Amino acid sequence: MTECEMCGWNGDLVRANVEGTILRVCKKCSVLGAKMEEAKTEQKPLSLARKMEISEFVPDFAEKIRHARESAGMNKSDLARRIGVSPSLLSRIEKGMRPTDALARKLEKELKIGLFYTDTLTTVKAERTPEVTLGDVVELRIRKK
Ligand SMILES: [Zn+2]
């Protein structure tokens, strides 16, 4: 793999932690995610609100994206071009790799689908009570079902 997994650019790549996924990306794209070296010291308590956001991502996004793409009559290259990523990255997303939030928003717009839950109650609670434990979060999610 010699091309950037985010933009398809060919050249020097760095390993970057993009939204929790390790990707090989070009230097330009690596600023979107924290670089591996920096990621090690990244764990801060305030990241809880963000963690909540990740957990609000629909679990069946891969299938949702693929179905929407197919019913829109697009192949992977078509859709990849429309949202500005390489077909190989799109392929991985359709196999279950979580896209970045920015990319997910593009997919939502392009395919007219929803990839995020809009459970504001959960999000507000997490933002207002940063001391909420992971146990509380799990409990919240169980109660939601
Ligand atoms: Zn790139």
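**From a strand pair to a helical core**

Leu13 stands opposite Cys26 in strand S2. This pair of residues is a convenient place to enter the structure, which is a predicted model.

Leu13 belongs to strand S1, which covers residues 13-18, while S2 covers residues 21-26. The two strands run antiparallel and are joined by 6 bridges. Together S1 and S2 make a hairpin, with 2 residues between them. One residue of the turn, Glu19, has a positive phi of about 50°. As a general point about strands, side chains in a regular strand alternate between the two faces of the sheet.

The hairpin is one part of a protein that contains 9 helices and 3 strands. In sequence order, the elements follow the pattern β-β-α-β-α-α-α-α-α-α-α-α. Of the 145 residues in the protein, 20% are buried. Among contacts with a separation of 6 or more, 48% join residues that are 24 or more positions apart.

An example of a residue with partners elsewhere in the sequence is Glu5, which is placed in the segment before S1. Is Glu5 buried or exposed? A residue counts as buried if 20 or more other C-beta atoms lie within 10 Å of its own. Glu5 has 23 other C-beta atoms within 10 Å, and therefore it is buried. When its neighbours within four places in sequence are left aside, Glu5 is in contact with Leu23, Arg24, Val25, Ser86 and Leu89. The C-alpha atoms of Glu5 and Arg24 are 5.9 Å apart in space, although the two residues are 19 residues apart in sequence.

Attention now turns to the helices. Two packed helices are described by the angle between their axes and the distance between the axes. For helix H5 (residues 76-83) and helix H6 (residues 87-94), the axes come within 8 Å and cross at roughly 105°. Because angles of 65 to 115 degrees count as roughly perpendicular, H5 is roughly perpendicular to H6. Where the helices meet, H5 contributes Lys76, Ser77, Leu79 and Ala80, and H6 contributes Pro87, Leu90 and Ser91. By class, this contact has 4 nonpolar, 2 polar and 1 charged residues.

The loop between H5 and H6 contains Gly84. With 11 C-beta neighbours inside 10 Å, Gly84 counts as exposed, since the limit for an exposed residue is 12 or fewer. The C-alpha atom of Gly84 is separated by 8.8 Å from that of Gly8, and these two residues are 76 residues apart along the chain.

The interior can be considered next. In soluble globular proteins, nonpolar side chains tend to be buried together. In this model the largest nonpolar core has 21 residues, of which Met6, Val25, Val85, Leu90 and Leu107 touch the most other members. Two or more residues of this core come from each of S1, S2, helix H4 (61-71), H5, H6 and helix H7 (101-111). The largest share, 4 residues, is given by H7. Leu90 also takes part in the meeting of H5 and H6 described above.

Beyond H7, the chain enters the loop that leads to helix H8 (120-128), and Lys112 lies in this loop. Lys112 has a positive phi of about 55° although it is not a glycine. Lys112 counts as exposed because it has 9 C-beta neighbours inside 10 Å.

Terms used: Residues are numbered from 1 along each chain as its sequence is written. This is a predicted model: local features need pLDDT of at least 70, side-chain atom pairs count only at pLDDT 80 or more; totals for chains, interfaces and linings use all residues. Two residues are in contact if their C-beta atoms, placed from the backbone, lie within 7 Å. Two strands pair if DSSP finds at least two bridges between them. Axes are lines fitted to C-alpha atoms, for helices over the stretch in contact, and angles run from 0 to 180 degrees between N-to-C directions. Angles under 35 degrees count as roughly parallel, over 145 as roughly antiparallel, 65 to 115 as roughly perpendicular and the rest as oblique. Ala, Val, Leu, Ile, Met, Phe, Trp, Tyr, Cys and Pro count as nonpolar, Asp, Glu, Lys and Arg as charged, and the others, Gly among them, as polar. A nonpolar core is a set of buried Ala, Val, Leu, Ile, Met, Phe, Trp, Tyr and Cys residues joined through C-beta atoms within 7 Å.
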